Amino acid sequence: MIPIGSALVRANDWLRERFPIDQQVLISMGSEPVPGHLKRWWWCLGGTPAYLFIIQAVTGVLLTFYYVPTPDQAYESVAAITNEVRFGWYIRSLHKWSANFMIVAVLLHMMRVFFTGAYRRPREGNWMLGVLLLLLTLGFGFTGYSLVYEQLSFWGATVAANILQSIPFVGPDLADFLRGGPTVGSNMLTRLFVFHIGALPTLMIVVLLGHLLLMRTHGVSPLGSPSGPDAKRFPFIPDHLFTEIAVALFLMFILTFLAIVFPAGLGPKADPLVTPEHIKPEWYFFWAFRWLKLMPEQAAVATQGLFIALIFFWPLIDARIRKRNPDSEASIWVGVGAVAFLLTLTVWEALYLLH
Amino acid sequence: MNQKSFNANDIVDWVARRKFLFGGFLASLAAAYGVFASYALKFVFPARKPPRRTRIFIGFSDQIRPGASKAVNLPSGDQLLISNTGRINPVTGNTFVAFSNSCPHLGCKVHWEARREEFLCPCHGGVFTADGIAVAGPPAQSGSNLKPYEILVEGNSIYAVVEEV
Amino acid sequence: MSLDQKQKIIIALATFFFITLIIVAWVEGGRRRVVKAPDAVVTSENKDCVDCHRVKSPGIVGQWEISTHAKSGIGCVQCHAAEEGDVDGYEHEGRLIATVVSPKDCAQCHEREAAEFQASHHASAGQILGSLDNVLAEVVEGFVEFDAQGNKIKASPAAVSGCLQCHGAEIKVLENGKLDPATWPNTGIGRLNPDGSRGSCSACHLRHNFSRAQARAPENCGRCHLGPDHPQKEIYEESKHGIAFAANRSRFEPMMEEKEWIPGKHFEQGPTCSVCHMGATKNLPITHDVGERISWTLRPPVSEKIDAAAIKAGKRVKSWQDRRKDMQEVCSSCHATEWVKNWYEQFDAAVNLYNEKFGKPATELFQMARKEGLLTPTQFDEELEFTYFYLWHHEGRRARHGAAMMGPDYTQWHGFYEIAERFYMEFVPQLREILAEARRHGKAAAAARIEARLNQILASDLHKWFLGRMSPGELAARKKAAEEFKKRYAQ
């Protein structure tokens with residue numbers, strides 16, 4: 001029989017002596033009782049993208065051991081990872097599926113926060129940090145996909161640079177910044193690589209820490225009446241922790257399953273001289289792609305910018321609305337409308353491409 | 001367990017009471033993540049399987065006279081120096097010797113001195129016999145010899161046995 | 001949900017995760033077992049060639065990449081490098097190279113094969129300038145120009161695109177170092193190369209992948225060994241050998257690329273041309289001298305044993321008996337001794353029949369006509385010349401080849417039947433006409449001499465049926481057999 005109990009106590013004493021952090025503060029910070037409503041799994045959607053980010057970081061670092069960010073070796077190095085390196089296909093497929101799941105999880109979490117009004121005073125700042133995290137996640141998706149240097153990667157990046165170009169005033173400079181020059185070439189690949197493994201992760205961690213810090217200092221926003229589920233609280237450790245562990249394991253299981261059944265493949269290598277018949281971005285940009293086809297480029301870019309600004313500043317707008325009409329349910333309708341709108345555009349583009 | 005907060009002792013108590021289940025919990029987590037970690041390690045540690053050997057055409061034997069040598073770039077990136085010693089080696093049956101011309105000391109290129117029948121490294125005076133053994137200079141001090149390549153002669157063709165890249 | 005329940009859920013999920021990881025390991029193991037085929041090795045001296053030509057002429061690079069040469073790093077420079085003083089060498093992207101790769105170049109590694117090939121009849125295929133075929137191509141069909149010194153300055157396209165593509169042109173290097181378009185491109189098997197060597201290995205071993213399977217395929221030899229004057233390919237396809245190969249080809253093909261392709265060991269039926277005429281058997285080594293196992297020469301108007309010419313010239317060569325023994329050694333891979341022995345008797349009998357009944361008589365009469373001056377000195381300006389040519393050069397050969405390679409239809413209907421018709425219905429009447437013509441122009445004595453000989457020939461046993469002089473016994477037997485035969489049909 002392993003005396004786990006006394007072993008833990010002795011380990012605890014050993015650590016305390018060497019790392020004289022006031023454990024009580026830590027424990028009280030970490031063990032703040034969790035409102036009862038978080039016993040529902042719909043509320044664990046914040047931890048999900050965070051855990052997926054960790055998976056991305058781990059698998060991403062592993063992939064960086066073999067990936068070569070130059071135009072004549074990028075594709076081949078990805079092929080080598082997929083076909084030759086031991087478990088390369090698995091790590092890469094995990095990375096790909098986890099990316100897709102992370103975006104979905106972020107969006108679901110965002111919807112949960114939106115529809116439960118958890119962004120309202122005093123948590124407006126945290127909402128904005130969250131929107132930043134969403135944009136960073138999409139940025140990860142875009143840059144990561146471009147690194148594979150397939151035809152769609154290359155031409156997708158080209159299209160993105162062209163879209164940036166058409167933003168009023170700052171467009172050309174932004175496009176030059178993305179490309180590392182006036183044309184799409186090896187400079188761009190290097191930049192995308194730096195974004196993907198350096199700049200974006202750093203920003204992500206900083207903003208994420210801010211997001212978590214704000215969340216912890218504000219506390220979980222209360223839900224419903226005091227006599228509802230939140231009448232009872234439950235300890236973070238071990239209860240909520242175990243919930244999070246269960247979610248983590250479930251994710252590992254699903255991702256591994258998907259990696260086995262739908263492993264990441266490789267399309268044709270990027271050819272700067274040949275434009276493929278159908279350029280398409282990844283699914284999470286379908287809505288933007290479709291929107292761009294409905295109106296002149298500048299108008300589309302301008303409206304998309306407005307849309308993102310709307311989302312970013314929504315807590316303030318919502319506050320204004322509710323000032324006028326305290327019982328207004330406008331936010332719900334706006335939310336439903338936005339989701340429906342985006343879904344429609346996405347499905348429309350998807351169906352068009354399937355055709 | 002509905003408590004507002006708890007301390008380390010509570011954890012210990014609880015663990016002690018649920019030893020078996022907790023043990024299973026830890027074990028299953030360790031097993032699953034442990035296997036995953038092993039895959040990640042296998043991923044970064046390149047496979048140690050012995051590389052396949054193949055033969056690469058080096059030149060024609062009638063084009064390397066006794067006493068002459070020729071440098072050949074191998075696909076692996078190494079450069080091979082093949083020399084015709086003029087004497088038939090009883091073991092290999094041909095008159096050729098071939099070594100990587102990278103000096104084991106600091107990597108300078110060695111060359112074959114036909115008159116003295118030895119390899120000379122110009123950087124720090126490393127000297128190697130016709131068998132690639134270091135006999136003078138820094139390589140001799142550290143006992144590091146030239147890396148040899150096996151040579152096959154078929155008819156007029158010379159091949160070097162190399163590892164597949 | 002209690003902690004205990006959560007822990008149980010976690011244990012369950014961890015187990016599922018673990019199971020999927022086991023599957024991952026299984027998938028990984030399955031992939032490891034796939035052995036990658038060795039790739040083409042591009043050494044540093046060939047890298048520039050390959051990089052540029054991969055874009056400019058991707059077919060050439062693609063062919064080379066799948067070759068055995070490429071696996072050992074043998075590439076462009078090894079074969080195309082030229083030396084100072086080479087008449088066809090030129091500078092290309094900083095290197096001295098030659099376009100033409102001759103047997104001498106191949107001999108750098110393939111010494112034995114090149115030597116055997118140089119000694120063979122294939123290598124001398126280009127030396128046909130004095131042949132009748134050449135007269136046809138250059139004079140009758142085409143037109144050539146000579147300069148004052150007697151050098152050919154304009155070739156006959158019939159020869160350039162026709163005869164010489166199989167037989168091999170004499171490659172000329174022009175003043176400016178370029179190759180004369182009338183002589184290059186050419187991969188005729190008897191090509192005369194600028195470096196003095198004879199022949200072209202790529203006539204059979206198509207560059208740049210030099211595949212063994214391709215060289216062993218019957219279509220390979222069939223590029224030249226086909227057609228009305230030597231239909232070896234068609235005869236082979238008619239023969240049981242060819243049928244057996246066709247039926248089993250898809251099973252054989254993956255193995256035919258291997259170094260050894262020995263009858264009885266690697267395959268049990270359906271030999272191709274190279275198997276019998278060149279290939280290794282369990283006792284014989286491979287040879288690139290295709291004449292090593294041939295006993296008759298079936299080419300000339302009258303067939304003789306293959307060593308007859310050499311003996312006449314006082315040279316010592318492998319006797320026809322030894323060659324036949326070697327060929328019989330090949331046959332015995334699949335056939336019993338009596339089978340082989342009896343077959344050779346059939347073969348010899350057919351050749352002798354052609355010689356005795358048609359070859360010798362027609363040749364003798366034709367040469368008499370020529371010697372006696374009854375024909376103009378110009379070749380092929382009279383009908384009898386074509387008739388005689390057809391007789392020995394076309395159907396005469398067809399009959400002999402058909403017998404040699406077990407193609408009964410070619411022996412009979414494309415062969416002896418047509419020989420007979422040609423002889424009796426064309427040669428004899430045309431000769432008689434010439435004799436009549438000769439008598440009208442004061443050459444009666446010569447005509448009489450030739451007519452006497454003609455009548456002598458026709459009166460012989462072989463031909464006397466033509467004069468209605470079949471023996472009564474034979475006539476009766478024939479009549480009886482014919483009546484029996486008619487009873488099979490209602491007519």
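Mentor: Helices (H or I, at least four residues) and strands (E, at least two) are DSSP runs, numbered from the N terminus. The model is predicted: local features need pLDDT of at least 70 and side-chain atom pairs count only at pLDDT 80 or more, while totals for chains, interfaces and linings use all residues. Residues are numbered from 1 along each chain as its sequence is written, and chains are lettered from A and ligands numbered from 1 in the order in which they are written.

Trainee: Where is the place of His463(C) in chain C?

Mentor: A residue is buried if 20 or more other C-beta atoms, placed from the backbone, lie within 10 Å of its own, exposed if 12 or fewer, and partly exposed in between. His463(C) is buried because 20 other C-beta atoms lie within 10 Å. The C-alpha atom of His463(C) is separated by 7.7 Å from that of Lys357(C), 106 residues apart along the chain. His463(C) is placed in the loop between helix H20 (444-459) and helix H21 (472-486) of chain C.

Trainee: Leaving aside its neighbours within four places in sequence, with which residues is His463(C) in contact?

Mentor: Two residues are in contact if their C-beta atoms, placed from the backbone, lie within 7 Å. With neighbours within four places in sequence left aside, the contacts of His463(C) are Ile457(C) and Leu458(C).

Trainee: At roughly how many degrees do the axes of H8 and H9 of chain C cross?

Mentor: Axes are lines fitted to C-alpha atoms, for helices over the stretch in contact, and angles run from 0 to 180 degrees between N-to-C directions. Asp133(C), Ala137(C), Glu138(C) and Glu141(C) of H8(C) meet Ala158(C), Ala159(C), Gly162(C) and Cys163(C) of H9(C). The axes of H8 (residues 132-141) and H9 (residues 157-167) come within 8 Å, and their crossing angle is roughly 150 degrees.

Trainee: Which helix gives the most residues to the largest nonpolar core?

Mentor: A nonpolar core is a set of buried Ala, Val, Leu, Ile, Met, Phe, Trp, Tyr and Cys residues joined through C-beta atoms within 7 Å. The largest has 75 residues, of which Leu52(A), Met102(A), Leu249(A) and Phe17(C) touch the most other members. With 13 residues, the greatest contribution to this core comes from helix H5 (residues 88-115) of chain A.

Trainee: Leaving aside its neighbours within four places in sequence, what is Leu52(A) in contact with?

Mentor: Leu52(A) belongs to the largest nonpolar core. Leaving aside neighbours within four places in sequence, its contacts are Ser98(A), Phe101(A), Met102(A), Ala105(A) and Leu251(A).

Trainee: Which strands of chain B stand at the edges of the open sheet?

Mentor: Two strands pair if DSSP finds at least two bridges between them. The open sheet has four strands in the order E2-E3-E4-E9 (chain B), paired antiparallel; five bridges join E2(B) to E3 (residues 79-84), and Ala71(B) stands opposite Leu81(B) in E3(B). Each edge strand has a single partner, so one side is left without a neighbour in the sheet; these are E2 (69-73) and E9 (148-149) of chain B.

Trainee: Which helix of chain C gives the largest share of the side that touches chain B?

Mentor: The contact takes 24 residues from chain C and 24 residues from chain B. Eleven residues on the side of chain C, the largest share, come from helix H1 (residues 3-32) of chain C.

Trainee: What percentage of the residues in chain A is buried?

Mentor: Chain A holds 14 helices and two strands. Of its 355 residues, the buried portion is 32%.
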